[in-house]
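Trainee: I would like a close look at one part of this chain. Please take me through the strand in the middle of the talk, and then what lies around it.

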Amino acid sequence: RTRPGTRATRGGVGVDSDMSGEPAAGDNGRATTGLVMCGGEGSRLRPAIGDTEKPLVNVDGEPMVDRVIDALQASSLTTVAAAVSPATPETAAHLGETAGVDCIQTDGAGYVADLSAALTRLRTPTVTVAADLPLVTAAHIDRAVAAAGTDSLTVCVPASLTDALGVSADTTSTHDGTPVVPTGLNVVGDGAEQTRVWRDERLAFNVNRPADRRAVEAWLDTD
């Protein structure tokens with residue numbers, strides 16, 4: 001799947017949780033809600049994981065989605081939701097037993113469509129994190145919240161960093177003349193659209209392919 005580098009269109013159907021009636025954001029207008037995107041099929045990782053749903057694949061002995069949830073709950077955000085789909089029923093069941101997580105059922109029509117559907121049930125600005133970003137931390141999330149304010153924000157890493165770490169990069173763009181890779185950490189707001197490039201190894205590890213999983217495990221072994 002691809003991850004949008006611009007603000008998602010707020011529309012769509014097929015969700016069963018509604019938090020849109022809550023206050024728009026914190027007193028300073030910053031994001032107070034986090035959304036984990038975990039409805040993809042994970043077909044590129046399938047050769048290494050069999051029938052295991054991608055969000056439930058272990059990294060360092062813990063499901064990737066749990067690592068992301070832990071980071072969100074340890075951050076300044078006050079609400080955490082997860083977008084699931086018909087492709088991830090076991091993930092939905094797992095998260096249904098996780099305290100403090102609101103599950104939003106989407107149609108599984110693709111990353112952008114599912115994100116748009118989920119956003120209709122959430123207050124903005126909203127921090128969005130891909131479930132396959134297992135090394136994201138609360139500090140990363142709070143930094144993104146502060147940088148975005150009421151705007152939309154796409155966090156990228158230099159393409160040279162993913163190359164050096166041996167991590168795949170299916171989507172690349174150029175920012176200020178530098179090739180960059182979206183990390184899967186974003187803020188969807190109602191203002192302008194910003195891009196920030198952070199040279200942070202933890203944000204470079206999107207686990208999309210078997211080699212990515214091997215790379216992150218090797219990095220953790222040496223960290």
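Trainee: To set the scene, how many helices and strands does the chain have? Then please look closely at strand β6.

Mentor: Keep in mind that this is a predicted model. The chain has eight helices and ten strands. Of its 223 residues, 52% are buried. Many contacts reach far along the sequence. Take the contacts between residues at least 6 apart: 78% of them join residues at least 24 apart.

Now to β6, which spans residues 126-130. This strand is mostly covered, with five of its five residues buried. Look at its two faces. Thr126, Thr128 and Ala130 sit on one side, and Val127 and Val129 sit on the other. Both faces are covered.

Next, see how the chain enters the strand. Pro125 lies in the loop between α4 (111-119) and β6. The peptide bond from Thr124 to Pro125 is cis, and its omega is near 0°.

Then find the partners of β6. One is strand β1, residues 33-37. The two strands pair in the parallel sense, over five bridges. Find Gly34: its bridge partner in β6 is Val127. Another partner is β9, and here the pairing is antiparallel, over four bridges. Val129 has Leu185 as its bridge partner in β9.

Some of these names return in the nonpolar core. The largest such core has 49 residues. Val36, Val127, Ile141 and Leu185 have the most contacts inside it. Helix α2, residues 64-74, gives the largest share of this core, with six residues. A second, separate core has eleven residues, including Ala81, Ala83, Ala118 and Val188. There is a general pattern to remember here. In soluble globular proteins, nonpolar side chains tend to be buried together.

Stay with Val36 for a moment. Leaving out residues up to four places away in sequence, Val36 touches Val65, Val68, Ile69 and Leu72, among others. Its list of contacts also includes Ala81, Ala82 and Ala83. Val129 and Ala131 are on that list too.

Helix α2 also meets a neighbour, helix α3, residues 89-96. The buried residues of α3 are Thr91, Ala92 and Leu95. They cover an arc of only 100° around the axis, so they lie on the same side of α3. Glu90 and Gly96 are on the other side, and they are exposed. The buried residues of α3 pack against α2, β4 (79-84) and β5 (101-105).

Go back to β9 and look just before it. Asp176 is in the loop between β8 (173-175) and β9 (178-188). Its phi is near 50°, a positive value in a residue other than glycine. Is Asp176 buried or exposed? Its relative accessibility is 72%, so Asp176 counts as exposed. Asp60 also has a positive phi, of about 55°, although it is not a glycine. You will find Asp60 in the loop between β2 (58-59) and β3 (62-63).

β8 has another loop to follow. Gly166 lies in the loop between α6 (159-165) and β8. With 46% relative accessibility, Gly166 counts as partly exposed. Gly166 and Phe205 are 39 residues apart along the chain, yet their C-alpha atoms are separated by 9.3 Å. Setting aside residues up to four places away in sequence, Gly166 touches Asp212 and Ala215.

Those two contacts lead to helix α8, residues 210-222. Asp212 and Ala215 are both buried there. So are Pro210, Val216, Trp219 and Leu220. This helix has 13 residues and reaches 19 Å from its first C-alpha to its last. That is close to the 18 Å expected at 1.5 Å a residue.

Last, the cysteines. A disulfide is a covalent bond between the sulfur atoms of two cysteines. A search of the whole structure finds zero disulfides. Why does Cys38 not form one? The closest cysteine sulfur is in Cys103, at 7.1 Å from the sulfur of Cys38, and that is too far for a bond. Cys38 is buried, with a relative accessible area of 2%. Cys156 also counts as buried, at 2% relative accessibility.

Definitions and conventions. Residues numbered from 1 in each chain as written. Predicted model: local features only at pLDDT ≥ 70, side-chain atom pairs only at ≥ 80, totals over all residues. Heavy atoms only, no water. Core = buried A, V, L, I, M, F, W, Y, C linked by side-chain atoms within 4.5 Å. Buried < 20%, exposed > 50% of the residue type's maximum accessible area, 1.4 Å probe, protein only. Contact = heavy atoms within 4.5 Å. Expected span 1.5 Å × (residues − 1). Arc of directions from axis to C-beta. Pairing = 2+ DSSP bridges. Disulfide = S-S within 2.5 Å.
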